[in-house]
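Reader: I should like to go through the terms used for this model and learn what each of them rests on. Could the author take them in turn?

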Amino acid sequence: MDRSVVLGAFEAAIGAADAERSTRALCTYDGTSLVIGGTAVAVAAADIVVIGIGKAAPGMVSAVCAVTGAHRGVVVSDHDEPCPLPVIVGGHPVPDARSYLAGAAVMREVASILPSDVLVACVSGGGSALAEQPRPGVSEADIAAMNAMLIHSGLPIDEMNAIRACASSLKAGHLVDGLAVRAAWTVVIEDVVGGGPSVVASGPTIASDLGARAKAIIEDSGLSDLLPPAIVASANRWSHATSPPSMVTVSAAGPEMAAEAAAAAIDDGRAIVVPEALAGDVGPAVEAFVSRSPDRTVVGFGETTVRVTSSQPGGRNQHAALIAARTLAGSNRVFGALASDGRDGTTDAAGAIVDGSTWERIRRTGIDAEAAIAGFAAHHALEAVGATMITGRTGTNVADLWVCG
């Protein structure tokens, strides 16, 4: 297996999770009856409101509007692209002024919904930061400080989202708390393995107990003195939202679907998808993953964690690839790691592909690869030998994908 095979596998995975295509496959509309995921409701196009939040939101909303002719709503994403509805670009991975403007716009749109309307919410990863409004007693500065700390904390994404939810007026269903509406769907492209739709973008339209876990997570992780006091106080007074009784949640795509497509694209007859999701500290996860593939190709999906201690450019997938390059040095094996949204960490790379020669080639450039691993500075080391992947924004987000064979 070589780099081109891994690139082909990744392209197949992204294609399978294409936001517009996967969402369109769920929807039909004949001018009077809208069906999404098998659930039908009678509605005129003028009474359909479409809200999109997340990295994949423009494509998802485009699909719903193309099928239904809907023209009411708003979209929040990390990038602008052609879409039938207005697209607001929010801040990511830490909310900024744009995120609060986006959050306010989404809340105004939801407030305008009539009891005779139908809501279609299109939600995908990244929405936790892209659209935000603090709960009473929490400031925008508190939210920014919380998120800056969380993304370097090493906490799993579901635990991070629980803390985010306790401080937000949008998350864990609070965006639609008490909303009266004829019918409602939440269409989700999942990026959190095993967490379910309610943790994607911190579940803005799905009432859950996500924020109820925040107090225990903060205490167990020793974060009480690191988080702003207003965040800790908000975790102690969590309140459960109430979603519209008619709300139906449907998954359009997810990491497993993408991984299966990647495996199918590898034409060696021996590629398998590892059933256990990638999780935990990235170093041990790489070693365990590589050890599974001495005589076969394996595909993995999920999201590892990295406790970043420097400001050097990199991301968890490039960090994983550099560790894999050390492990595979001198072998004839290949390892690739991809951020499915096309952006790995703080760089414009989506990830990297390495082989048994990569480690030595980095050494010959004069770069200390061991120091790059220790300093979370994988990007420059991998870029120096042409190992990084540049895909551009993919328009979808289904966690990370790894391949080794």
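Author: In this predicted model, strand S7 and strand S8 (residues 183–189) run parallel and are joined by seven bridges.

Reader: What makes S7 and S8 a pair of strands?

Author: Two strands pair if at least two bridges are found between them. Seven bridges join S7 to S8, so the pair satisfies that definition. One of the positions involved is Ser-124, whose bridge partner in S8 is Ile-189.

Reader: Which strand is joined to S7 by six bridges?

Author: That is strand S4 (residues 48–53), and S4 and S7 run parallel. Here Ile-51 has Ala-121 of S7 as its bridge partner.

Reader: Why is strand S7 described as largely enclosed by the rest of the structure?

Author: Strand S7 covers residues 118–124, and seven of its seven residues are buried, so the description follows. Buried means under 20% relative accessible area.

Reader: Which residues of S7 point one way, and which the other?

Author: Val-118, Val-120, Cys-122 and Ser-124 point one way, while Leu-119, Ala-121 and Val-123 point the other way; all are buried. In a regular strand, side chains alternate between the two faces of the sheet.

Reader: Why is H6 called roughly antiparallel to H7?

Author: Helix H6 (residues 140–150) and helix H7 (residues 157–166) pack at an angle of about 170°, and their axes are 11 Å apart. Angles over 145 degrees count as roughly antiparallel, so H6 receives that term with respect to H7.

Reader: Which residues make this contact, and how do they divide by character?

Author: H6 contributes Met-146, Asn-147 and Leu-150, and H7 contributes Met-160, Ile-163 and Arg-164. The residues of the contact divide into four nonpolar, one polar and one charged. Arg counts as charged, which means that Arg-164 of H7 is the charged one.

Reader: What makes S1 and S3 edge strands?

Author: Three strands form an open sheet in the order S1-S2-S3, with antiparallel pairing. Strand S1 (27–29) and strand S3 (39–42) each pair on one side only, and they are the edge strands. Neighbouring strands of this sheet are turned by 15° against each other on average, direction ignored.

Reader: How many bridges link S1 to S2, and what packs on this sheet?

Author: S1 pairs with strand S2 (residues 33–36) in the antiparallel sense over three bridges. Thr-28 stands opposite Val-35 in S2. Helix H3 (residues 57–68) packs on the sheet and touches S1 and S2; the direction of H3 makes about 25° with that of S1.

Definitions and conventions:
Residues are numbered from 1 along each chain as its sequence is written. This is a predicted model: local features need pLDDT of at least 70, side-chain atom pairs count only at pLDDT 80 or more; totals for chains, interfaces and linings use all residues. Side-chain values use heavy atoms; hydrogens and water are left out. Axes are lines fitted to C-alpha atoms, for helices over the stretch in contact, and angles run from 0 to 180 degrees between N-to-C directions. Helices (H or I, at least four residues) and strands (E, at least two) are DSSP runs, numbered from the N terminus. Angles under 35 degrees count as roughly parallel, over 145 as roughly antiparallel, 65 to 115 as roughly perpendicular and the rest as oblique. Contact means heavy atoms within 4.5 Å. Buried means under 20% relative accessible area, exposed over 50%, partly exposed in between (1.4 Å probe, protein chains only).
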